[in-house]
Amino acid sequence: MRNRSAVALVLTGLVAIALFALGGTGLFDSLTGSPTPAASSGATSGSEPPVPGPAEGSRSAAVPANPSGLPAISESALPAEARRTLALIRKGGPYPYSQDDQTFGNFERILPRKASGYYREYTVPTPGAPDRGARRIIAGGGGEKYYTQDHYDSFKFIAEGS
């Protein structure tokens, strides 16, 4: 009986180390299909008006864990325009730009390599820009989303719901 307790303690420690080493609770979320309590808080930032989005618990599927290894950005840390674009993506449009919801080729090879057509791109308006600006959200076919503020030179995984 004592040996079983020791084995259980070692296994618990190994699981904790694995969670920490492989991305924290995101791994737990992907294994269980449910977010941890910290990942589901609906905190909003400062004085900005609320941005439309789904109510807690209304998503049909769990938000995917970060499959890219890229740095993450919490949804609440995105600019208000990006949060509005996320809300449009969740609703399925309509989109303000004809280039939105079109295939993103991932020619830069920064995002994980996938078959052609896997990624779609959406404009994040840039205040004061005379055109679409450099900011985009790229959505993967598996539900993951990425934010670029520098026209595909770099990306951050969007930790939705946080």
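# A walk from the sheet edge to the odd corners

Start by selecting Ala72 and Phe157: Ala72 has Phe157, in β6, as its bridge partner. Keep in mind as you go that this is a predicted model. The pair you just picked belongs to a longer match, since β1 and β6 run parallel to each other and are joined by 3 bridges.

**The whole sheet**

Now colour the strands. How many strands form the open sheet, and in what order? There are 6, arranged β1-β6-β5-β4-β3-β2, and the pairing is mixed. Look at the two rims next: β1 (72-74) and β2 (102-104) are the edge strands, and each has a single partner strand, so one side of each has no neighbour in the sheet. Turn the view and you can follow the twist, with neighbouring strands turned by 40° against each other on average, direction ignored.

As background, strands of a sheet pair through backbone hydrogen bonds, either parallel or antiparallel. You have already seen a parallel pair in β1 and β6. For an antiparallel one, select β5 and β6, which 2 bridges join. Zoom in on Tyr147 there, and you'll find Lys156 of β6 opposite. Then hop over to β2 and β3 (residues 119-123), another antiparallel pair, held by 3 bridges. Pick Phe104 in this area and look across to Tyr119 in β3.

**The helix on the sheet**

Select residues 80-91 next. This is helix α3, which packs on the sheet and touches β3, β4 (136-140), β5 (145-148) and β6 (156-159). Its direction makes about 35° with that of β4. If you like a quick check, put a distance on its end C-alpha atoms: they are 17 Å apart, which agrees with the 16 Å that 12 residues should span at 1.5 Å a residue.

Which residues of α3 are buried? Show Ala80, Ala82, Arg83, Thr85, Leu86, Ala87 and Ile89. The buried residues of this helix pack against β3, β4, β5 and β6. A general point helps in reading such a list: an α-helix has 3.6 residues a turn, so residues three or four places apart point the same way.

**Inside the core**

Time to show side chains. Select Ile73, Leu78, Ala82, Leu86, Ile89, Tyr122, Val124, Ile137, Ala139, Tyr147 and Ile158, the 11 residues of the largest nonpolar core. Both α3 and β4 supply at least two residues of this core. Which element gives the most? That is α3, with 3 residues.

Click on Ile158 to see how one core member is surrounded. Setting aside residues up to four places away in sequence, Ile158 touches Ile73, Glu75, Leu78, Leu86, Ile137, Lys145, Tyr146 and Tyr147. There is also another core, apart from the largest one, with 9 residues, including Leu70, Leu111, Tyr146 and Phe155.

**Two charged-residue stops**

Go to Arg135, in the loop between β3 and β4. Is Arg135 buried or exposed? At 12% relative accessibility it counts as buried, because the cut-off for buried is under 20%. Its side chain makes a polar contact with the side chain of Glu81 at 3.2 Å, and the Arg135 side chain also reaches the backbone oxygen of Pro125 at 2.3 Å. Show the wider surroundings too: beyond neighbours within four places in sequence, Arg135 is in contact with residues including Pro79, Tyr122, Thr126, Tyr147 and Gln149.

Now move to Glu160, in the segment after β6. Glu160 counts as buried as well, at 10% relative accessibility. Draw a line between the side chains of Glu160 and Lys145, and you have a polar contact of 3.2 Å.

**Backbone oddities**

Last, hide the side chains and look at the backbone. In general, most residues other than glycine have a negative phi, and most peptide bonds are trans. Where does this model have a cis bond? Select Gly93 and Pro94: the peptide bond from Gly93 to Pro94 is cis, with omega near 5°. Pro94 sits in the loop between α3 and β2. Just after α3 comes Gly92, with a positive phi near 85°.

Follow the loop between α3 and β2 to Asp101, which has a positive phi of about 65° although it is not a glycine. Asp101 counts as partly exposed, at 28% relative accessibility. Finish at His151, in the loop between β5 and β6. His151 has a positive phi too, near 50°, and counts as partly exposed at 38% relative accessibility.

Definitions and conventions: Residues numbered from 1 in each chain as written. Predicted model: local features only at pLDDT ≥ 70, side-chain atom pairs only at ≥ 80, totals over all residues. Heavy atoms only, no water. Pairing = 2+ DSSP bridges. Helix = DSSP H or I, 4+ residues; strand = E, 2+ residues; numbered from the N terminus. Axes fitted to C-alpha atoms, helices over the stretch in contact; angles between N-to-C directions. Contact = heavy atoms within 4.5 Å. Expected span 1.5 Å × (residues − 1). Buried < 20%, exposed > 50% of the residue type's maximum accessible area, 1.4 Å probe, protein only. Polar contact = N/O pair within 3.5 Å; in protein donor to acceptor, adjacent residues only side chain to side chain. Core = buried A, V, L, I, M, F, W, Y, C linked by side-chain atoms within 4.5 Å.
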